[in-house]
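User: I'd like to go through the empty spaces and one helix packing in this model, and hear the reasoning behind each label. Can you take me through it?

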Amino acid sequence: GARGRARHAGVTAGPLAEPDFRRLWVVGLVMFAVRWLEMLAVAVFAYQATRSPFVVALLTMLRMLPMALFGAPIGVAAERIERRTALVLVVLGTLGSSLVLALLAWTDRLAVWHLAVASFVNGIAWTTDNPVRRTMMGEVEGDRRSHETGVRYNRWPITASQTWRVNHLQPSISYTLRRQHRHLRKVVRPQ
């Protein structure tokens, strides 16, 4: 069969041959792409609306804040509820948040505070990825291969995320802080 031909060619079928694993991986890939595109759209809108790099950085931090605040409690809660239901609720919640933002933008009522609330709410959804979806991926693949699977199939999004943070987020925050510092010096010591 296909596995035999793949093995003969020097390639193992691996976890992507498992339909449940493949579905979970695709859900993660789509959520990853949507998350970063949404962050870009939020940043562009916020900058155009306020001309403040500080507000852009603040909205990014609001998205990441739930990981620090709720990471452990969400991990504990994920052990107590059915993961598939949790994943569906998270995806629907994120979709709902995006639809509300789209409706507000379409009716010309979108404000920066809407983006702040949505960033925080979607940050909570992002916090569920490890204890829910990635745990499900490990369960589908089985305990004996879960570490190898997690490393192999989550390496690209993690590397891309870290590269983006190093190349874009950290300089953006640094630029924002320098700019705010310069502005403050002008206000405190007018020339």
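**Cavities and a helix pair**

Analyst: Sure. Met39, Val42, Ala43, Val56, Leu59, Thr60, Arg63 and Ser119 line the largest cavity. Keep in mind that this is a predicted model.

User: What makes these eight names lining residues of the largest cavity?

Analyst: A lining residue needs an atom within 4 Å of a cavity point, and Met39, Thr60 and Ser119 are among the residues that line the largest cavity.

User: How many cavities does the search of the whole structure find, and what is the volume of the largest?

Analyst: With a threshold of 30 Å³ or more, the search turns up two cavities. The largest has a volume of about 60 Å³, and the second largest holds about 40 Å³ of space.

User: Why is that kind of space called a cavity and not a pocket?

Analyst: Because a 1.4 Å probe fits in a cavity but cannot get out, whereas a pocket is an open set. The two spaces found here are listed as cavities.

User: Which helices supply at least two residues each to the lining of the largest cavity?

Analyst: Helix 2 (19-50) and helix 3 (53-80) do. Helix 3 gives the most, with four residues.

User: What makes up that lining by class?

Analyst: Five residues are nonpolar, two are polar and one is charged. Arg counts as charged, and Arg63 is in the lining.

User: And what lines the second largest cavity?

Analyst: Met31, Ala86, Leu87, Val90, Ala125, Thr128, Asp129 and Val132. Helix 4 (83-106) and helix 6 (129-141) each supply at least two of the lining residues, and the largest share, three residues, comes from helix 4. By class, this lining has six nonpolar, one polar and one charged residues. Asp counts as charged, and Asp129 is in this lining.

User: Now the packing. Why are helix 2 and helix 6 called roughly antiparallel?

Analyst: Their packing angle is about 160 degrees. Angles over 145 degrees count as roughly antiparallel, and helix 2 and helix 6 are therefore given that label. Their axes lie 9 Å apart.

User: What is the handedness of the crossing, and which residues make the contact?

Analyst: The crossing of helix 2 and helix 6 is left-handed. On the helix 2 side, the contact is made by Asp20, Phe21, Leu24, Trp25, Val27 and Gly28; helix 6 brings Arg133, Met136, Met137 and Val140. By class, that contact has seven nonpolar, one polar and two charged residues.

User: What makes Gly28 polar in that tally?

Analyst: Gly is counted among the polar residues by definition, and Gly28 is in the helix 2 part of the contact.

How values were computed:
Residues are numbered from 1 along each chain as its sequence is written. This is a predicted model: local features need pLDDT of at least 70, side-chain atom pairs count only at pLDDT 80 or more; totals for chains, interfaces and linings use all residues. Side-chain values use heavy atoms; hydrogens and water are left out. On a 1 Å grid over the protein atoms alone, a cavity is a set of points where a 1.4 Å probe fits but cannot get out, and a pocket is an open set with protein on both sides within 12 Å along at least five of seven lines; lining residues have an atom within 4 Å of a point. Grid points are joined across faces, edges and corners, and a volume is the space filled by probe spheres set on the points. Axes are lines fitted to C-alpha atoms, for helices over the stretch in contact, and angles run from 0 to 180 degrees between N-to-C directions. Angles under 35 degrees count as roughly parallel, over 145 as roughly antiparallel, 65 to 115 as roughly perpendicular and the rest as oblique. A crossing is left-handed if the near helix is turned anticlockwise from the far one by less than a right angle, and right-handed if clockwise. Contact means heavy atoms within 4.5 Å.
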